[in-house]
Amino acid sequence: MDDPFVIVGGDAAGMSAASKAKRADPELDVIVFERGEWVSYAACGMPYYVKGTVEDLEDLVAVTPEEFREDRDVDLRTGHEVIAIDREEKTVTVEADGEQFEQPYGSVLIGTGARAVEPPFDGLELEGVYTLRSMDEADAIESFVTDREPERAAIVGGGYVGIEMAEALTERGVDVSIFEMLPRTLQPFGEQTAEIVEDHLRDQGVDLHLETAVQGFAGDGRVETVELEAETVAADLVVVGVGVTPNVDLAEKAGIELGPTGAIATDEYGRTNDEDVYAAGDCAEATNVVTGEPDHVPLALTANRAGRAIGSTVTGDPTPTGGTAGTAIVKAFELGAARTGVIDEDRALEAGFDPVSVTVQVPTRPHYYPGATDLTVTLVADRDSKRVLGASLVGRDGAKRIDTVATAVDTGLTVGELESLDLAYAPPFSPVWDPVLTAAKVLSGTIEG
């Protein structure tokens, strides 16, 4: 390849691709353009920086820009924004320090990520109103809490960010209210898991407002209230966490096709409709391993894995980016909640399955061993094929067992095959029948009738 491998975006997908490409072909010129100053950082750790568990913001950086440049020989240019891709000329237009230049490419990876959704609320511009998607936003929230010592925080959205920030701000001595317009928090985790998490949030002093639509925010320069349809609620700090949307403007302007989710459509190798243009990470689709359909799952492992695969592909070793089961886990104070695959009955039906599910509550250790707590497992399978479709777990211990089910989902195991897995047993770690195996045993019996 005479022209370089150009990467747009310096976070998970982009830097994984850059590192892999340079390892596979040290002679290849790899250029990364990142419009900000932060690269290769752990966005999932930002709530824990606000909480104080992570002391320094820089601790969230996995590999520094200097390490990429000096140790990995990657031409990383921060403060450089790619504003256009010319597919005919095979160049990108880059803007930096008020000037523009053209950079030729042999292959280009779009790794522009996603941005926080900002609903059309009044008062988003007020001081004390934040989203949490970037390192700078995390730093701003932490500084606000430290300097202003807010008494009441409103979190809009009961998803990952909302739950984690509720814990973080409570730990900082702030009274927290969550406003969720849907009937449940953690919607993708299913009703049983959400109910347990919600009860625990209330026990921790979090004020939940479910099925409550926020109209906006009000205050004299600085936020003072959250405006609801029938009342106002006092708040001197607001975090809006209602989801993310893929950054696809650059791709669209270049004629790169989007998929049904609104993210960039790709094939199994991360290629777009242009064979020299790849996309990965939070701006791109992945194939759902259960439904076989395109999905948009903006999670860290999906991005890192796809970037690494593309780094191999552009250096001559075609490597599939892999599908997604949407496996995720979240900490809610003393609880862990996790999910994988397809749990929602309507979505399973739309995909052509006949879903059947069970929910069991099983101790994570034998009754005689100290530390045993209950783990609630909801397991879903297809009645006809008996294929495992998904699961949701919640408890004070053992939520990481979701990985066992994720493996079953990804490899297409049946409930019987999951039930027959030879999982490890010792009293300090598990009962003889692991909670996942117990759930599979009960579900198998339910299917058989």
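Me: Let's fix one term before we start: a residue is exposed when its relative accessible area is over 50%. This is a predicted model. Why is Val 432 called exposed here?

Reply: Its relative accessible area is 55%, and the cut-off is over 50%, so Val 432 counts as exposed. You'll find Val 432 in the loop between α11 (415-419) and α12 (435-448).

Me: What makes the nonpolar surface patch of about 530 Å²?

Reply: Val 432 together with Tyr 368, Tyr 369, Tyr 425 and Trp 433. To join a patch, a residue needs over 30% relative accessible area and no salt bridge. Val 432, at 55%, clears that area cut-off.

Me: Lys 386 is also out in a loop, between β24 (374-382) and β25 (388-395). Why is Lys 386 called partly exposed?

Reply: Its relative accessible area is 29%. Buried needs under 20% and exposed needs over 50%, with partly exposed in between, so 29% puts Lys 386 in that middle class. Its backbone is worth a look too: phi is near 65°, a positive value in a residue other than glycine.

Me: Which other residue has a positive phi although it is not a glycine, at about 60°?

Reply: Asp 73. Asp 73 lies in the loop between α3 (65-70) and β3.

Me: And what makes one face of β3 (residues 75-78) covered and the other uncovered?

Reply: Look at which residues sit on each face: Leu 76 and Thr 78 form the covered face, while Asp 75 and Arg 77 form the uncovered one. Strand β3 pairs in the parallel sense with β2 (residues 30-34) over four bridges. Since at least two bridges are needed for a pair, four are enough. In that pairing, Glu 34 stands opposite Thr 78.

Me: How do you know that β10 (residues 152-156) is largely enclosed?

Reply: Four of its five residues are buried, so the rest of the structure largely encloses β10. Buried, remember, means under 20% relative accessible area.

Me: Which strands pair with β10?

Reply: One of them is β11 (residues 175-180), parallel to β10 over five bridges. Another is β16 (residues 237-240), also parallel, joined to β10 by four bridges. Ile 155 stands opposite Ile 178 in β11 and opposite Val 239 in β16. Add helix α5 (residues 160-171), and β10, α5 and β11 make a right-handed β-α-β unit.

Me: Why is Val 405 called buried?

Reply: Its relative accessible area is 0% against a cut-off of under 20%, so Val 405 is buried. Val 405 belongs to helix α10 (residues 402-411). The C-alpha atoms of Val 405 and Tyr 49 are separated by 30 Å, with these positions 356 residues apart along the chain.

Me: Zooming out, how many helices and strands does the protein chain have, and why is the chain called as compact as a globular protein of its length?

Reply: There are twelve helices and 25 strands. The radius of gyration is 23 Å, close to the 22 Å that the globule rule gives for 449 residues, so the chain is as compact as a globular protein of that length. Along the principal axes, its C-alpha atoms fill a box of roughly 65 × 55 × 40 Å. Of the 449 residues, 52% count as buried.

Conventions:
Residues are numbered from 1 along each chain as its sequence is written. This is a predicted model: local features need pLDDT of at least 70, side-chain atom pairs count only at pLDDT 80 or more; totals for chains, interfaces and linings use all residues. Side-chain values use heavy atoms; hydrogens and water are left out. Patches are made of residues with over 30% relative accessible area and no salt bridge: like charges are joined within 9 Å, nonpolar side chains (Val, Leu, Ile, Met, Phe, Trp, Tyr) within 5 Å. Accessible areas come from the Shrake-Rupley method with a 1.4 Å probe; for residues, only the protein chains shown count as cover. A salt bridge is a side-chain nitrogen of Lys or Arg within 4 Å of a carboxyl oxygen of Asp or Glu. Helices (H or I, at least four residues) and strands (E, at least two) are DSSP runs, numbered from the N terminus. Buried means under 20% relative accessible area, exposed over 50%, partly exposed in between (1.4 Å probe, protein chains only). A crossover is right-handed if, with the strands pointing away from the viewer, the path from the first strand over the helix to the second runs clockwise. The radius of gyration is taken over C-alpha atoms; the globule rule is 2.2 Å times the number of residues to the power 0.38.
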